[in-house]
Amino acid sequence: MTVEEIVKAVGGTLLAGNPETMIDNICIDSREAGKGSLFVPIIGEKVDAHKFIAQVFDQGASAVFMSHGDVTDKNEVHILVKDTVKALGMLGAYYRRKFTMPIVGITGSVGKTSTKEMISAALETGFCTMKTAGNQNSQIGVPLTLFRMEKNQEMAVIEMGISEFGEMDNLVHFVEPDVAVVTNIGEAHIAQFGKKEHTMEEKLKIGMHFTEKNRMFLNGDDPMLREASKTMKCPVTLFGTDPSCDYYAENIHIKDGKNCFTLVCPDGKEEITIQQLGTHNVLNGLVAVAVAGYFGIKPSDAAKGLEKYEGLPMRQQINHLANGIKVIDDTYNASPASVKSGIDVLVQLDNPGRKIAVLGDILELGEISWQCHYDTGMAIADRPIQMVVTVGQEMKALAKAIIDSGAGIAVCSFDSNSEAIGWLLENIADGDAVFVKGSRGMHEEEVVKALREKYAIK
């Protein structure tokens, strides 16, 4: 795009520079700025990136947005906007409208990224598909994702995450999805939304403009979404393990360390094999085949794409270490629902030793944090695991629940990762399986790193 086009798209003012300057990439990281770049400085809690404007021009950047400050070089392009984040979103929305490719929007309390990856794997068997990189699903990440759209692409799969009221309205304006997937409704960001009913209302806004020409894919195993499906203004496809769902799984079992199940859908039955364990990943596989089917891809072809998908780092990634020790790295983030699903993966592992869960605090639960941790402990207390190691103050509620349950699961609680690591390195035995999870701010990947270093295969 030209600078002139960008200025009009965001309602900005060109303070300096040539309006005919061409821009071919957008960046928010000053270190990535170079020739053809438009640098968008974000004002964060600790750093105002406007201070890097002179630096990015020295690196060869072609233009910058700015909401305050002075022109650093009258020969360089400076575009004045009221708010750089809002301008980024406006530009993303403008750029998206240059394309007519179908877009699949994905939201939900947990599992968005894994679902996005599986849907993409299925769609890629029939289309050139663009997908969200990593988990760039925010008010900043979604516009950056949209800028990756290109003319040779035939489909886009975009993750849309929200944590506050009103955010989905913005994301829908940016993306304008043609179909949407809602993975589940849980306690994630409950401190901001207050209760799960509010969470669902906000998530379902992903289809706020949907008509008979669109379609919503909802998790039929989630009671709230199943009930909501009855009042949707657009066609709905339910996926789950219940036979009443349009796409459902039966005969779920583990074979050669892989998740296997029979898909039952309007087109018949198909045997599906995926490398990811856990019932939640079966649901991901189901909706992937369902979305692919909506766009004309046969279940047998979609299944081939799913079987090749290897998963993402720090998301239930199984590390096979020395002495038969297995470590499940699920440290990217945590919620009560994802802790429970992760425990299910631990239970499914075939190992001769103990099954040990190392759990760090689940953050952002607000006033109901203690109760959520306690309830999560009660929910996993009946699972066939032998030990739970907790890290942090909030996890002490989960530890108490397991003790109160009388399940006989051994419990050790620590205040820090270093304390937990010290204990684990002295007590892990041959053949043990260890599941490690916690909210991002707990840095439970430190535990995984220590175990991998100690028990590295030589």
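Student: Buried means under 20% relative accessible area, exposed over 50% and partly exposed in between (1.4 Å probe, protein chains only). With that settled, how accessible is K131?

Tutor: K131 is partly exposed, since its relative accessible area is 25%. One note on the model: it is predicted, so local features need pLDDT of at least 70 and side-chain atom pairs pLDDT 80 or more, while totals for chains, interfaces and linings use all residues. Residues are numbered from 1 along each chain as its sequence is written, and side-chain values use heavy atoms, without hydrogens and water.

Student: Got it. Which residue forms a salt bridge with K131?

Tutor: That would be E117, and the closest N and O atoms of the two are 2.7 Å apart. For a salt bridge, a side-chain nitrogen of Lys or Arg has to be within 4 Å of a carboxyl oxygen of Asp or Glu.

Student: And where do E117 and K131 lie?

Tutor: E117 is in helix α4 (residues 112-123), whereas K131 is in strand β7 (residues 129-131), so their bridge ties together parts 14 residues apart in sequence. Helices (H or I, at least four residues) and strands (E, at least two) are DSSP runs, numbered from the N terminus.

Student: Is E117 buried or exposed?

Tutor: E117 counts as buried, at 7% relative accessibility. Its partner K131, at 25%, is the partly exposed end of that bridge.

Student: How many salt bridges does the structure hold?

Tutor: There are 17 salt bridges in the structure. Another one pairs E202 with K205, where the closest N and O atoms are 3.2 Å apart.

Student: What about the accessibility of E202?

Tutor: E202 is buried, with a relative accessibility of 5%. K205, in contrast, is partly exposed at 26% relative accessible area.

Student: Let me jump further along the chain. What is K396 doing, and which residue forms a salt bridge with K396?

Tutor: K396 bridges to D415, and their closest N and O atoms are 3.2 Å apart. K396 belongs to helix α14, and D415 sits in the loop between β19 (410-414) and α15 (417-427), so this pair ties together parts that are 19 residues apart in sequence. Both ends are partly exposed: K396 has a relative accessibility of 35%, and D415 has 47% relative accessible area.

Student: Which residues do salt bridges that share partners join into one network?

Tutor: K116, E117 and K131 are linked in that way. So the pair we began with, E117 and K131, belongs to a network that also takes in K116.

Student: Nice. Back to α14 for a moment: at what angle do α13 and α14 pack?

Tutor: Helix α13 (residues 369-380) packs against helix α14 (residues 395-405) at an angle of about 40°, and the axes are 7 Å apart. Axes here are lines fitted to C-alpha atoms, for helices over the stretch in contact, with angles from 0 to 180 degrees between N-to-C directions.

Student: And what do you call that arrangement of α13 and α14?

Tutor: The two helices, α13 and α14, are oblique to each other. Angles under 35 degrees count as roughly parallel, over 145 as roughly antiparallel, 65 to 115 as roughly perpendicular and the rest as oblique.

Student: Then how do α15 and α16 cross?

Tutor: α15 and helix α16 (residues 445-454) cross at roughly 30°, and their axes come within 10 Å. That makes α15 and α16 roughly parallel to each other.

Student: New topic, backbone angles. What is phi of N251?

Tutor: Phi of N251 is near 55°, which is positive in a residue other than glycine. N251 is part of strand β12 (residues 247-255). M314 also has a positive phi, near 65°, and is likewise a residue other than glycine. You'll find M314 in the loop between α11 (299-308) and β15 (317-320). As background, most residues other than glycine have a negative phi.

Student: Last thing, contacts across the sequence. How far apart in space are V389 and A420?

Tutor: Their C-alpha atoms are 7.4 Å apart, with the two positions 31 residues apart along the sequence. V389 lies in strand β18 (residues 387-391) and is buried, at 0% relative accessibility.

Student: And what separates Q276 and E310?

Tutor: The C-alpha atoms of Q276 and E310 are separated by 7.6 Å, and the residues are 34 apart along the chain. Q276 is in the loop between β14 (268-274) and α10 (279-294), and Q276 is buried, at 11% relative accessible area.
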